[in-house]
Amino acid sequence: MAVAQMEIASQFSVAYKRAILATMHDKERVIRPLLEGGLGLQIVLPAGFDTDRFGTFSREIERTGSQLGAARAKIEASFEHDRQAQVAIASEGSFGPHPFIPFVPLGREIVVLRDRESGLELIGHHADLSTNFSHETVKTVEAARVFAERIGFPQHGLIVIGLSDANPAPEKYLRKDTWTFPELSQSVSEALALCGAAHVETDMRAHRNPTRMRAIKRATIDLVRCYRSACPRCTRPGFAVTERLDGLPCAWCGEPTHALRAEVSTCSGCGHRIERPAEPRTADPGQCLGCNP
Ligand SMILES: [Zn+2]
Ligand SMILES: [Zn+2]
């Protein structure tokens with residue numbers, strides 16, 4: 001039995017495989033050591049591979065489709081770019097308002113790995129409320145300085161865009177690489193002279209956003225964890241929580257509440273499914289619609 005399991009495991013192993021990591025903006029700095037150390041991959045960085053054509057954060061190229069879709073498109077293009085690569089890795093971030101909490105931004109990072117031969121696809125996730133995602137319309141250089149200080153400039157980068165009809169208009173004015181307050185003042189002055197108002201926003205490119213770089217690292221750690229979590233039946237990596245079930249019974253009346261009842265892990269290879277009940281096994285009556293109307 002043990003021998004058979006070893007054979008199946010090696011079928012999905014990515015150790016010693018040539019892996020293309022198509023990334024820009026220094027993201028390899030956090031991704032590479034984790035995937036070489038944690039998965040045994042041999043990471044290669046493609047030369048002359050422009051991932052910005054899949055969409056950038058500063059609006060020159062609108063991002064199309066979903067975050068996972070964008071990562072998969074990068075993986076496809078990577079395999080085409082490097083015919084020898086057995087594995088491809090792509091990282092993708094998305095930022096926007098939190099779906100449930102008003103005025104709170106949420107950052108989501110994914111790092112996706114695909115094995116060309118076995119078809120194995122693993123996704124590392126990280127969601128973060130501490131994401132540094134923000135923007136403001138300014139009409140004076142002073143207002144831009146206040147915003148810049150608040151978002152942690154110059155450690156965190158800032159993008160200055162001209163405003164036209166109340167909308168950011170990068171075709172009129174766009175300045176990405178300001179590194180000092182004097183440079184910032186100058187580019188805001190230029191945008192104001194040209195457009196009357198400027199849109200300043202946090203630079204979400206990883207090398208200019210240390211908060212984001214940390215989030216990418218956490219998503220990569222999640223990918224390593226995902227790889228090491230093998231299906232107990234077929235040993236395929238990536239046996240992860242795929243579903244969260246609510247309906248935890250109320251401690252007083254026993255009626256189902258909206259609290260988490262169980263986490264379900266499913267194998268994408270053989271379909272094996274395990275339901276892990278939540279702890280504690282009953283919900284606080286404060287979460288019960290009957291006992292706490
Ligand atoms: Zn399985
Ligand atoms: Zn109750």
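Which residues coordinate the zinc ion (ligand 1)? I looked this up first and found Cys231 (SG), Cys234 (SG), Cys267 (SG) and Cys270 (SG), at 2.3 to 2.4 Å. Donors here are N, O and S atoms within 2.8 Å of the metal (3.2 Å for Na, K and Ca), and sites may look incomplete because water is not among the atoms.

A note on the source: this is a predicted model, where local features need pLDDT of at least 70, side-chain atom pairs count only at pLDDT 80 or more, and totals for chains, interfaces and linings use all residues. Residues are numbered from 1 along each chain as its sequence is written, chains are lettered from A and ligands numbered from 1 in the order written, and side-chain values use heavy atoms, without hydrogens and water.

Back to ligand 1. I read its site as tetrahedral, with angles of 105 to 116 degrees among the 4 donor atoms (four donors count as such if all angles lie between 85 and 135 degrees). Along the chain, the donors of this zinc ion follow C-x2-C-x32-C-x2-C. Cys231 sits in the loop between helix 6 (210–228) and strand 11 (240–246) and Cys270 in the loop between strand 12 (260–266) and strand 13 (273–277), so the pair ties together parts 39 residues apart in sequence. Helices (H or I, at least four residues) and strands (E, at least two) are DSSP runs, numbered from the N terminus.

Next, burial. Cys231 is buried at 2% relative accessible area, whereas Cys270 is partly exposed at 30%. Buried means under 20%, exposed over 50%, partly exposed in between (1.4 Å probe, protein chains only).

Then I checked the zinc ion (ligand 2): Cys250, Cys253, Cys288 and Cys291 coordinate it through SG at 2.3 to 2.4 Å.

How values were computed. Four donors count as tetrahedral if all angles lie between 85 and 135 degrees; four count as square planar and six as octahedral if opposite donors are over 155 degrees apart and all others between 65 and 115; anything else is irregular.
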